[in-house]
Amino acid sequence: MAPLASFLAVAGLASLVAAVPSPKVGITVGTTVHQVRNPDYVSNGPLALYKTYLKYGVNPPENLRKYVERSGFLTKRSEATVKSTPTNNVDDAYTIPVSIGTPPQVMQLNLDTGSADLWVFSTETESDDVGGQKLYNPSSSSTSKKMAGYTWTISYGDGSSADGDIYTDKVTIGGITVSKQAVELAQDVSSSFTLQNTSDGILGMGFDSINMASPSTVQTFFGNAQSKLNSPLFTADLKFHAVGSYGFGFINSSLHTGSIVYEDVDNSNGWWSWTSSGYAIGSGSFVSTNVTGIADTGTTLLLLPVDIVEAYYNKVSGSSYSNTYDGFTFPCSSTVPPFTFGVGKLRFKIPANYLNYGAVETGSSTCFGGIQLNLAVGTSIFGDVALKSAFVVFNGASKPTIGWANKKL
Ligand SMILES: *[C@@H]1O[C@H](CO)[C@@H](O)[C@H](O)[C@H]1NC(C)=O
Ligand SMILES: *[C@@H]1O[C@H](CO)[C@@H](O)[C@H](O)[C@H]1NC(C)=O
Ligand SMILES: *[C@@H]1O[C@H](CO)[C@@H](O)[C@H](O)[C@H]1NC(C)=O
């Protein structure tokens with residue numbers, strides 16, 4: 001079975017678990033590259049308030065906005081590109097190198113826009129739960145500090161989970177540093193994480209409201225870093241079986257062609273939720289229909305409403321829903337059609353080869369589909385299968401938006 005993941009935080013959505021294919025393992029590993037200038041961030045009350053407005057998706061009052069603009073605190077700061085290189089032939093997930101502590105301990109973390117916790121395997125992780133991951137050791141870092149009384153526990157859409165306690169420490173990605181980032185240390189992880197030893201944890205890039213720290217939430221790396229970025233955004237240029245990149249704080253125009261179409265993001269559930277303008281199957285005509293879904297780098301596949309998924313597999317000979325594998329399968333010899341989704345007037349065609357996830361078991365002639373049902377949550381999930389077909393901008397401005405453009409090939 002091809003490794004799959006759905007690292008979508010699912011507090012209160014236990015029913016999602018059944019909707020997502022369960023096997024997961026593997027992961028791709030990244031190498032880094034980048035530059036950056038990184039002036040210290042000056043803190044001040046109105047700026048903190050301004051950031052609070054941004055954090056909750058509220059437009060700051062005009063006077064506050066003017067003050068902050070005048071103050072020069074938003075005059076800009078830095079940007080970076082972090083590349084990732086697949087090490088196997090299955091794009092289960094994409095990890096990037098993240099430096100934690102002083103001196104830096106470099107961890108490979110899965111950048112996940114569907115959750116908002118930065119957690120790592122650590123020297124506190126139960127030894128039975130460790131399967132070769134690198135362990136963050138707060139005692140070896142001169143900048144670590146325990147957040148007394150804080151704990152965290154999270155469950156993801158694929159049924160995996162983790163929990164532990166929390167430190168703050170210096171965290172650097174591509175040269176962008178947050179000096180007191182909350183780093184959640186795993187004490188226990190579910191077995192799928194133990195088996196995934198090419199990933200040392202997760203870097204949640206969803207909205208702070210779904211952070212799972214207790215007694216109160218802690219800010220994500222993106223939330224903390226926004227004030228240091230030239231623009232409050234990050235970009236994803238994920239690739240099929242090839243080197244891709246995440247960019248922080250700027251849009252690299254060499255990575256896309258044509259204009260970027262932006263759609264509103266509804267972050268009321270903490271996710272990058274947006275609405276697609278419709279779809280087409282193979283060479284069929286475009287069906288205009290609103291499909292609301294989450295842009296989730298931490299989910300491998302594209303999960304859609306039942307009518308669209310059934311229409312798609314009607315075009316795949318020999319396909320059927322498999323209870324064994326919890327998803328649509330088909331004879332590996334069948335041809336699957338490409339799938340197109342709309343962003344406003346733009347169209348993104350997912351090529352057929354992204355949509356065959358390979359044999360359900362080693363040696364089997366039955367293959368697993370890259371498009372699957374999203375039965376439980378009243379929303380679709382635009383996972384890596386969809387994201388790989390575009391250049392995507394996650395814009396965390398006061399009113400968040402998501403931008404889609406064609407990749408420059
Ligand atoms: C922008 O993308 C191009 C093409 O991948 C790359 O060569 C260049 O280094 C990138 N620029 C930055 C600032 O990362
Ligand atoms: C990493 O995982 C692979 C596959 O699960 C396993 O064969 C290998 O022994 C693990 N490495 C370590 C150091 O535990
Ligand atoms: C999609 O939603 C928008 C905004 O609610 C609405 O104006 C439009 O008619 C809808 N389109 C379709 C095809 O349902």
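Me: Before we turn to individual residues, what does the word buried mean here?

Reply: A residue is buried when its relative accessible area is under 20%, and exposed when that area is over 50%; partly exposed covers the range in between. The model before us is a predicted one. In it, cysteine 367 has a relative accessible area of 5%, so it is buried.

Me: How does cysteine 332 read on that scale: buried, partly exposed or exposed?

Reply: Cysteine 332 counts as partly exposed, because its relative accessibility is 27%. The two cysteines belong together, since cysteine 332 and cysteine 367 form a disulfide.

Me: On what distance does that disulfide rest?

Reply: A disulfide is assigned when two cysteine sulfur atoms lie within 2.5 Å. The sulfur atoms of cysteine 332 and cysteine 367 are 2.1 Å apart. The pair links distant parts of the chain, with the two positions 35 residues apart: cysteine 332 sits in the loop between strand S18 (327-331) and strand S19 (339-343), while cysteine 367 belongs to strand S22 (residues 366-369). The structure holds 1 disulfide in total.

Me: What is the handedness of the disulfide?

Reply: Handedness is read here from the torsion about the S-S bond. For cysteine 332 and cysteine 367 that torsion is about 105 degrees, so the disulfide is right-handed.

Me: Which other residue of the loop between S18 and S19 deserves attention?

Reply: Proline 337 is placed in that loop. With a relative accessible area of 13%, proline 337 is buried. Its contacts, leaving aside residues up to four places away in sequence, are Ile281, Gly282, Tyr312, Lys315, Val316, Ala352 and Leu355. For lysine 315, the C-alpha atom is 7.2 Å from that of proline 337, although the two residues are 22 residues apart along the chain.

Me: How should I read the environment of asparagine 211, which is in the loop between strand S9 (201-204) and strand S10 (213-214)?

Reply: One begins with accessibility and then examines the polar contacts. At 5% relative accessibility, asparagine 211 counts as buried. Its side chain makes a polar contact with the side chain of aspartate 117 at 3.3 Å. The side chain of asparagine 211 also reaches the backbone nitrogen of alanine 213, at 2.9 Å. Beyond four places in sequence, asparagine 211 touches Ala116, Asp117, Glu184, Thr217 and Val218.

Me: Where does serine 160 lie, and what does it touch?

Reply: Serine 160 lies in the loop between strand S6 (145-155) and strand S7 (161-173). Its relative accessible area is 1%, so serine 160 is buried. Not counting residues up to four places away in sequence, serine 160 touches Phe7, Ile154, Ser155, Ser190, Ser192 and Phe193.

Me: Let us turn to the ligands. Which residues surround ligand 1, and how much of its area does the protein cover?

Reply: A ligand site can be read through its shell, its polar distances and its covered area. Around ligand 1 stand Thr81, Phe250, Asn252, Ser254 and Leu255. The protein covers 50% of the 360 Å² of accessible area that ligand 1 has on its own. By class, this shell has 2 nonpolar, 3 polar and no charged residues. A polar side-chain atom of asparagine 252 lies 2.3 Å from an oxygen atom of ligand 1.

Me: What does the same reading give for ligand 2?

Reply: The residues around ligand 2 are Gly131, Gly132, Leu195 and Asn197. Of the 360 Å² of accessible area that ligand 2 has on its own, the protein covers 30%. The shell divides into 1 nonpolar, 3 polar and no charged residues. An oxygen atom of ligand 2 lies 2.3 Å from a polar side-chain atom of asparagine 197. An oxygen atom of ligand 2 is also 3.1 Å from a polar backbone atom of glycine 131.

Me: And which residues surround ligand 3?

Reply: Ligand 3 is surrounded by Ser288, Thr289 and Asn290. The protein covers 24% of the 360 Å² of accessible area that ligand 3 has on its own.

Me: Finally, how many helices and strands does the protein have, and what percentage of its residues is buried?

Reply: The secondary structure comes to 7 helices and 26 strands. Buried residues make up 56% of the 409 residues. Among contacts with a separation of 6 or more, 71% join residues 24 or more positions apart. The accessible surface comes to about 15400 Å², and 52% of it belongs to carbon and sulfur atoms.

Methods. Residues are numbered from 1 along each chain as its sequence is written. Chains are lettered from A and ligands numbered from 1 in the order in which they are written. This is a predicted model: local features need pLDDT of at least 70, side-chain atom pairs count only at pLDDT 80 or more; totals for chains, interfaces and linings use all residues. Side-chain values use heavy atoms; hydrogens and water are left out. A residue is near a molecule or strand if one of its heavy atoms lies within 4 Å of it. A polar contact is a pair of N or O atoms within 3.5 Å; within protein, one must be able to donate a hydrogen and the other to accept it, and residues adjacent in sequence count only if both atoms are side-chain atoms. Accessible areas come from the Shrake-Rupley method with a 1.4 Å probe; for residues, only the protein chains shown count as cover. Ala, Val, Leu, Ile, Met, Phe, Trp, Tyr, Cys and Pro count as nonpolar, Asp, Glu, Lys and Arg as charged, and the others, Gly among them, as polar. Helices (H or I, at least four residues) and strands (E, at least two) are DSSP runs, numbered from the N terminus. Buried means under 20% relative accessible area, exposed over 50%, partly exposed in between (1.4 Å probe, protein chains only). Contact means heavy atoms within 4.5 Å.
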